[in-house]
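Colleague: I should like to examine how the terms applied to this model are justified. Please set each value against its definition as we proceed.

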Amino acid sequence: MTGQMRLDKYLGEMGMGTRSQLKEAAKKGRILVNGEVEKKTERKIVPGNDVVSFDGQPVSYVEMEYYMLNKPQGVVSATEDKRHRTVVELVGDRKRDDLFPVGRLDIDTEGLLLITNDGDLAHRLLSPKRHVDKVYFARIEGELPADAGERLARGITLTDGTPTLPARLEIQKQDGGESEILLTIHEGKFHQVKRMFEALGCQVVYLKRMSMGPLVLDGELQPGEYRALNEEELEALKNA
């Protein structure tokens, strides 16, 4: 747990308002510390020791949050957007206002997305040097070339000349010109999975991320649902 911190920082990080808004709230007696009205928002408090209330409701301090979200289609992987709902908005139980998605999924892509405010963990998971596995399920239209697996395993070149790292293809089902596959990649270029299959002469019509490193999407989560990570999942991610 953190040491001393300003009261306005404590409340601001818990989503209670901006520094100026909190200053006005304090003037009106809306903030209590240890049961006493506190009108100086610059006061230093100790999270976990001092009891803070805002408008009569206790405000507990949470330093880090980690959520697994099954991202639905039609929602953007961002913290704010003027046109679309964001993945962060779906996490209704969040305590902090500085959460962000680790990486991004296209607006029409579903599946696993980690939502957190742990910048160090996000950096490690997304670093190109670490080559963290990302597994996607996809439905493909168009006949897959017989050597698709070999070409992907060597590292396919996209139609614009961009090279990709070796990937692993697992064909789960084929029926005429349609296939269901699992693809494991180790990087995160723009529209990468879709572009890889375009380079093979096919089209991705449905895409869902199933896992990222050791974190596997909970099969109980419906699109749009989320839950906090358990200790085992968090430990595995930090050791990935």
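Modeller: Let us begin with the sheet that has the order S3-S2-S5-S6, an open sheet of four strands with antiparallel pairing. Strands here are DSSP runs of E with at least two residues, helices are runs of H or I with at least four, and both are numbered from the N terminus. The model is predicted, so local features need pLDDT of at least 70 and side-chain atom pairs count only at pLDDT 80 or more, while totals for chains, interfaces and linings use all residues. Residues are numbered from 1 along each chain as its sequence is written, and side-chain values use heavy atoms, with hydrogens and water left out.

Colleague: What makes S3 and S6 the edges of this sheet?

Modeller: Strand S3 (36-37) and S6 each have a single partner strand, so one side of each is left without a neighbour in the sheet. Two strands pair if DSSP finds at least two bridges between them. Strand S2 (residues 31-33) and S3 are joined by two bridges in the antiparallel sense, so they satisfy that definition. Within this pair, Val33 has Glu36 of S3 as its bridge partner.

Colleague: Why is Leu11 called buried or exposed?

Modeller: The class follows from relative accessible area: buried means under 20%, exposed over 50%, and partly exposed in between, with a 1.4 Å probe and protein chains only. The value for Leu11 is 0%, so Leu11 is buried. Leu11 is found in helix H1 (residues 7-13).

Colleague: Which residues is Leu11 in contact with, leaving aside its neighbours within four places in sequence?

Modeller: Contact means heavy atoms within 4.5 Å. On that basis Leu11 is in contact with Met16, Gly17, Leu22, Ile31, Val52, Phe54 and Val59. Leu11 and Ser53 are 42 residues apart in sequence, and their C-alpha atoms are 9.3 Å apart in space.

Colleague: What is the accessibility class of Asp55, and what is notable about its phi?

Modeller: Asp55 has 42% relative accessibility and therefore counts as partly exposed. Its phi is near 55 degrees, a positive value in a residue other than glycine. Asp55 lies in the loop between strand S5 (52-54) and strand S6 (57-58). His191 also has a positive phi, near 50 degrees. The relative accessible area of His191 is 29%, so His191 is partly exposed. Its place is the loop between strand S12 (178-185) and helix H5 (192-198).

Colleague: How do you know that strand S10 is largely enclosed by the rest of the structure?

Modeller: Six of the eight residues of strand S10 (residues 134-141) are buried, so the strand is described as largely enclosed. Eight bridges join S10 to S12 in an antiparallel arrangement, with Arg139 and Glu180 as one bridge pair. Eight bridges also join S10 to strand S13 (residues 203-212), again antiparallel, and there Phe137 stands opposite Lys208.

Colleague: What makes strand S9 mostly covered?

Modeller: Seven of the seven residues of strand S9 (residues 110-116) are buried. Strand S7 (residues 66-71) pairs with S9 over six antiparallel bridges, and Tyr67 stands opposite Ile115. Two bridges join S9 to S13, which run parallel. In that pairing the bridge partner of Glu110 is Lys208.

Colleague: Why are helices H3 and H6 called oblique to each other?

Modeller: Two packed helices are described by the angle between their axes and the distance between the axes. Axes are lines fitted to C-alpha atoms, for helices over the stretch in contact, and angles run from 0 to 180 degrees between N-to-C directions. Angles under 35 degrees count as roughly parallel, over 145 as roughly antiparallel, 65 to 115 as roughly perpendicular and the rest as oblique. The axes of H3 (residues 119-126) and H6 (residues 231-238) come within 10 Å and cross at roughly 60 degrees. H3 and H6 are therefore classed as oblique. Leu121, Arg124 and Leu125 of H3 make the contact with Leu234, Leu237 and Lys238 of H6.
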